[in-house]
Amino acid sequence: MTIVPLVTKAAQPEPHPAQKGRAGARITTFSVGSAPAREDAASFRSALRHLAGGVSVITTGHGEDRTGLTATSVSSLSAEPPTLMFGLNLGSSSFPVLARHRSFAVNFLNAAQKQIADRFAGRSGEKGAARYASAEWSTGTTGAPLLDGALAALDCEVEELIERHSHAIVIGRVREIRIGSDNAALLYWRGDYERLGWMAEEASTALGLRSF
């Protein structure tokens, strides 16, 4: 277990005697108001690795001027009107493209689409339009590319970009929703892919076996 109290060093209280020597506990204290230390960022990333998240690819741009990224930070913001948000690194090659076109799509990946996740993460060096290879795409209402075969694809118009620290909070108004097949979801947890649920063919086979 990792405990990270967000207090200044001057105001940091002494640990309770019961916490001293607690097996497995590691305490990291952040200095509020100062530049984050490299070890602070490492501790933060280490903590977030324990938060399982659905894997999406964010697509933006048109033709050869298109790119995208793999994300686990997508979150619903509002249902009325349908709005979502995610965090995008300001140094990402996707940021200027998204800011220029002012539209994007969020494609929820199924458990059989790990290679798509890897390409959009640039794990083999793919960049720009090359990340769209070996998959089928269609165009949404805003012109953003939507992945055929995704669990769901949401076509969005940029409503606001809020720059904070190293990232921008991207707020998107949903303009079109496509619901795909009922397959297992692709998750990311502790630095690796996991799956949740059954693929449609697996479920069909299992139901067929139960009928005997």
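**Strand pairing, loop geometry and salt bridges**

Arg 190 occupies the loop between strands E13 and E14. In this predicted model, the phi angle of Arg 190 is near 55°, a positive value in a residue other than glycine. With a relative accessibility of 47%, Arg 190 is classed as partly exposed, because that class covers values between 20% and 50%.

The two strands on either side of this loop pair with each other. Strand E13 comprises residues 185-189 and is joined to E14 by five bridges, the two strands running antiparallel. Within this pairing, Ala 185 has Leu 196 of E14 as its bridge partner. Both strands belong to an open sheet of three strands, arranged in the order E3-E13-E14 with antiparallel pairing. The edges of this sheet are formed by strand E3 (53-54) and strand E14 (192-196), each of which pairs on one side only. Strands of a sheet pair through backbone hydrogen bonds, in either a parallel or an antiparallel arrangement.

The loop between E12 and E13 contains Asn 183. The side chain of Asn 183 is in polar contact with the side chain of Ser 181, at 2.7 Å. Asn 183 has a relative accessible area of 18% and is therefore buried, since the limit for that class is under 20%.

A further open sheet consists of seven strands in the order E5-E4-E8-E11-E12-E7-E6, and its pairing is antiparallel. Strand E5 (65-71) and E6 are the edge strands of this sheet; each has a single partner strand, so one side of each remains without a neighbour in the sheet. From one strand to the next, the twist averages 30°.

Several pairings within the seven-strand sheet can be described in detail. At one end of the order, strand E4 (residues 56-62) is paired with E5 in the antiparallel sense through seven bridges. Ile 58 has Leu 69 of E5 as its bridge partner. Strand E8 (residues 103-108) pairs with strand E11 (residues 152-164), also in the antiparallel sense, over six bridges. In this pairing, Phe 108 is positioned opposite Ala 152 of E11. Twelve bridges link E11 to strand E12 (residues 167-179), and this pairing is likewise antiparallel. Arg 164 and His 167 of E12 are bridge partners. E11 and E12 form a hairpin with two residues between them. One residue of this turn, His 165, has a positive phi of about 55°.

Two other loops show notable backbone geometry. The loop between strand E6 (75-79) and strand E7 (82-89) contains Pro 81. The peptide bond leading from Glu 80 to Pro 81 is cis, with an omega near 0°. Arg 102 is located in the loop between helix H2 (94-101) and E8. Although Arg 102 is not a glycine, its phi is positive, at about 60°. The relative accessibility of Arg 102 is 37%, so this residue counts as partly exposed.

Five salt bridges are counted in the model. One of them joins Arg 100 to Asp 65, with the closest N and O atoms 2.9 Å apart. Arg 100 is part of helix H2 and Asp 65 is part of strand E5, so this pair ties together parts separated by 35 residues in sequence. Asp 65 has a relative accessible area of 30% and is therefore partly exposed. The strand that carries Asp 65 is also one of the edge strands of the seven-strand sheet.

Another salt bridge is formed between Glu 157 and Arg 175, whose closest N and O atoms are 3.0 Å apart. Because Glu 157 lies in strand E11 and Arg 175 in strand E12, the pair ties together parts that are 18 residues apart in sequence. The strands concerned are those joined by twelve bridges. Glu 157 is partly exposed, at 35% relative accessibility, and Arg 175 is likewise partly exposed, at 42%.

A salt bridge is also found between the side chains of Asp 118 and Arg 123, with an N to O distance of 3.1 Å. Asp 118 has a relative accessibility of 24% and so counts as partly exposed.

Methods. Residues are numbered from 1 along each chain as its sequence is written. This is a predicted model: local features need pLDDT of at least 70, side-chain atom pairs count only at pLDDT 80 or more; totals for chains, interfaces and linings use all residues. Side-chain values use heavy atoms; hydrogens and water are left out. Two strands pair if DSSP finds at least two bridges between them. Helices (H or I, at least four residues) and strands (E, at least two) are DSSP runs, numbered from the N terminus. Buried means under 20% relative accessible area, exposed over 50%, partly exposed in between (1.4 Å probe, protein chains only). Axes are lines fitted to C-alpha atoms, for helices over the stretch in contact, and angles run from 0 to 180 degrees between N-to-C directions. A polar contact is a pair of N or O atoms within 3.5 Å; within protein, one must be able to donate a hydrogen and the other to accept it, and residues adjacent in sequence count only if both atoms are side-chain atoms. A salt bridge is a side-chain nitrogen of Lys or Arg within 4 Å of a carboxyl oxygen of Asp or Glu.
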